Amino acid sequence: MSHTPHQLAEEFPAHADRIHDLKQSDAHFARLAEDYQELNRQIHRMETEIEPVATHIEEDARKKRVALKDKIASYL
């Protein structure tokens, strides 16, 4: 399986331990992280054309990923 870019630990390398701890202790954060990871995998499949989609759908997905990333960053 190929490496999926934009994983949370890569996006916030200085906060990898905090991300792990929050996933364990905060249900809301865990859900945000899970939603981010799933959306990120979907975008990766779109970008690599495993699941090709129209450009506007891919762009919308990227905007959603940025919004989730911002919410996650506010926790960190």
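**Figure 1. R62 and E47 shake hands across two helices.** In this predicted model, the side chains of R62 and E47 meet in a salt bridge, with N and O 3.1 Å apart. The pair ties together distant parts of the chain, since R62 belongs to helix α4 and E47 to helix α3, with their positions 15 residues apart in the count. R62 is partly exposed, at a relative accessible area of 33%. E47 is also partly exposed, with 32%.

**Figure 2. R62 again, now with E58.** R62 has a salt bridge to E58 as well, and here the closest N and O atoms are 2.5 Å apart. Both residues sit in helix α4, and because they are four residues apart, about one helical turn separates them. Is E58 buried or exposed? E58 counts as buried, because its relative accessibility is 14% and the cut-off for buried is under 20%. R62, at 33%, falls in the partly exposed class.

**Figure 3. A salt-bridge network around R41 and R45.** Which residues are joined into one network by salt bridges that share partners? They are E38, R41, R45 and E51. For the wider picture, the structure holds eight salt bridges. On the charge bookkeeping, the protein has 11 positive and 15 negative side chains, and the centres of these two sets lie 3 Å apart.

**Figure 4. R31 and E34, one turn along helix α3.** R31 forms a salt bridge with E34, and the closest N and O atoms are 3.1 Å apart. The two are three residues apart in helix α3, so about one helical turn lies between them. How buried or exposed are R31 and E34? R31 counts as partly exposed, at 45% relative accessibility. E34 gets that label too, at 48%. As a bit of background, side chains of opposite charge can pair when their charged atoms come close.

**Figure 5. The largest nonpolar core.** This core has 14 residues, and the ones with the most contacts inside it are L8, F29 and I72. Which elements give two or more residues to the core? Those are α2 (16-25), α3 (27-47) and α4 (55-75). Helix α3 supplies the largest share, seven residues. In soluble globular proteins, nonpolar side chains tend to be buried together. Across the whole protein, buried residues make up 26% of the 76 residues.

**Figure 6. L8 and its neighbours.** Zoom in on L8, one of the core residues with the most contacts inside the core. Leaving out residues up to four places away in sequence, L8 touches I19, A33, Y36, Q37 and I72. I72 is itself among the core residues with the most contacts.

**Figure 7. Q37, a buried glutamine in helix α3.** Q37 lies in helix α3. Is Q37 buried or exposed? Q37 counts as buried, because its relative accessibility is 13% and buried means under 20%. Not counting residues up to four places away in sequence, Q37 touches Q7 and L8. The contact with L8 shows up in the L8 view too, where Q37 is on the list of residues L8 touches.

**Figure 8. H6, a positive phi before the first helix.** H6 is not a glycine, yet its phi is positive, at about 70 degrees. Where is H6 placed? H6 sits in the segment before α1 (8-11). H6 counts as partly exposed, with a relative accessible area of 31%.

**Figure 9. E49, another positive phi, in a loop.** Phi of E49 is near 60 degrees, a positive value in a residue other than glycine. E49 is found in the loop between α3 and α4. E49 is labelled exposed because its relative accessible area is 61%, and the cut-off for exposed is over 50%.

**Figure 10. Stepping back to the whole fold.** The protein has four helices and zero strands, and reading along the sequence gives the pattern α-α-α-α. The C-alpha trace spans about 35 × 25 × 20 Å along its principal axes. Of the contacts with a separation of 6 or more, 68% are between residues 24 or more positions apart. The protein exposes about 5100 Å², and carbon and sulfur atoms supply 51% of that.

Key. Residues numbered from 1 in each chain as written. Predicted model: local features only at pLDDT ≥ 70, side-chain atom pairs only at ≥ 80, totals over all residues. Heavy atoms only, no water. Buried < 20%, exposed > 50% of the residue type's maximum accessible area, 1.4 Å probe, protein only. Contact = heavy atoms within 4.5 Å. Areas by Shrake-Rupley, 256 points an atom, 1.4 Å probe, with all protein chains shown as cover. Lys, Arg positive; Asp, Glu negative; His and termini not counted. Charge placed at Lys NZ, Arg CZ, Asp CG, Glu CD. Core = buried A, V, L, I, M, F, W, Y, C linked by side-chain atoms within 4.5 Å. Salt bridge = Lys/Arg side-chain N within 4 Å of Asp/Glu carboxyl O.
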